[in-house]
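Student: I would like to learn how to read a few features of a protein model, beginning with the way helices pack. Could we work through them one at a time?

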Amino acid sequence: MTVAVAADNAGVDLKNLLARQLDGDPRVGEVLDHGVHDASDDRAYPRLGLAAAETVARGEADRAVLVCGTGIGMCVAANKVEGVRATVAHDSYSVERSVLSNNCQVLTMGARVIGPELAKRLVDEWLGHSFDPSSASAGKVAHITDYERRH
Ligand SMILES: O=C[C@H](O)[C@H](O)COP(=O)(O)O
């Protein structure tokens, strides 16, 4: 799969770490890094997160990992992009359910909330989950996407 990544300067170190891990993962064909690339770049999280989420909406990326201070701003921004379902998650169960229940394509994390080793482990787990369109959860997600299309 193709995975987009992005971060503001609060999340750049963790994003770079996760990008390297994703790059070395055999399940990932390509990592699209939307920046920032170092902490001297002070572009705000919505610019970076929206650009990455748009690549998911356009089908250029299958998924995205977005990092800011808390993960909240990136999550709010990404969810404004039509067709994108983003979640902030810092625990294994939420990461799993974000895919299996909610078909989220975007995972956001807060570099000021989670340590790098746990973040790496959760991203590894996240890649292993895939949504089952024949599951009971599919109709619930469809309710959201239908609403989005109608409004
Ligand atoms: O959600 C926003 C992020 O945590 C960001 O990195 C920091 O935003 P702030 O500077 O507005 O607190």
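Student: How should one read the packing of helix α1 and α5, and at roughly what angle do their axes cross?
Tutor: Two packed helices are described by the angle between their axes and the distance between those axes. In this predicted model, the axes of helix α1 (residues 12-23) and α5 come within 10 Å and cross at roughly 40 degrees. The two helices α1 and α5 are therefore oblique to each other, since angles under 35 degrees would count as roughly parallel, and the crossing of α1 and α5 is right-handed.

Student: Which residues of α1 and α5 meet?
Tutor: From α1 the participants are L14, L17, L18 and Q21, which meet P116, A119, K120 and V123 in α5. By character, the residues of this contact of α1 with α5 divide into six nonpolar, one polar and one charged.

Student: How do the axes of α4 and α5 cross?
Tutor: The axes of α4 and helix α5 (residues 116-127) come within 9 Å, crossing at roughly 30 degrees, and α4 and α5 are therefore roughly parallel to each other. The crossing of α4 and α5 is right-handed. On the α4 side the contact is made by S92, V95, E96 and V99, and on the α5 side by L122, E125 and W126; these residues of the contact of α4 with α5 comprise four nonpolar, one polar and two charged.

Student: How many residues has the largest nonpolar core, and which have the most contacts inside it?
Tutor: In soluble globular proteins, nonpolar side chains tend to be buried together. Here the largest nonpolar core has 42 residues, and those with the most contacts inside it are V5, A64, L66, A78 and V106. Taking L66 as an example, and leaving aside residues up to four places away in sequence, L66 touches A6, A7, G49, A52, M74, A78, V106 and T108.

Student: What should one look for in the backbone, and which peptide bond is cis?
Tutor: Most residues other than glycine have a negative phi, and most peptide bonds are trans. In this model the peptide bond from G35 to V36 is cis, with omega near 0 degrees, and V36 lies in the loop between β2 (30-33) and α2 (45-57).

Student: What is the phi of N103, and is N103 buried or exposed?
Tutor: Phi of N103 is near 50 degrees, a positive value in a residue other than glycine. N103 is found in the loop between α4 (92-100) and β5 (106-110), and N103 counts as buried because 20 other C-beta atoms lie within 10 Å.

How values were computed
Residues are numbered from 1 along each chain as its sequence is written. This is a predicted model: local features need pLDDT of at least 70, side-chain atom pairs count only at pLDDT 80 or more; totals for chains, interfaces and linings use all residues. A nonpolar core is a set of buried Ala, Val, Leu, Ile, Met, Phe, Trp, Tyr and Cys residues joined through C-beta atoms within 7 Å. A residue is buried if 20 or more other C-beta atoms lie within 10 Å of its own, exposed if 12 or fewer, and partly exposed in between; C-beta atoms are placed from the backbone. Two residues are in contact if their C-beta atoms, placed from the backbone, lie within 7 Å. Helices (H or I, at least four residues) and strands (E, at least two) are DSSP runs, numbered from the N terminus. Axes are lines fitted to C-alpha atoms, for helices over the stretch in contact, and angles run from 0 to 180 degrees between N-to-C directions. Angles under 35 degrees count as roughly parallel, over 145 as roughly antiparallel, 65 to 115 as roughly perpendicular and the rest as oblique. A crossing is left-handed if the near helix is turned anticlockwise from the far one by less than a right angle, and right-handed if clockwise. Ala, Val, Leu, Ile, Met, Phe, Trp, Tyr, Cys and Pro count as nonpolar, Asp, Glu, Lys and Arg as charged, and the others, Gly among them, as polar.
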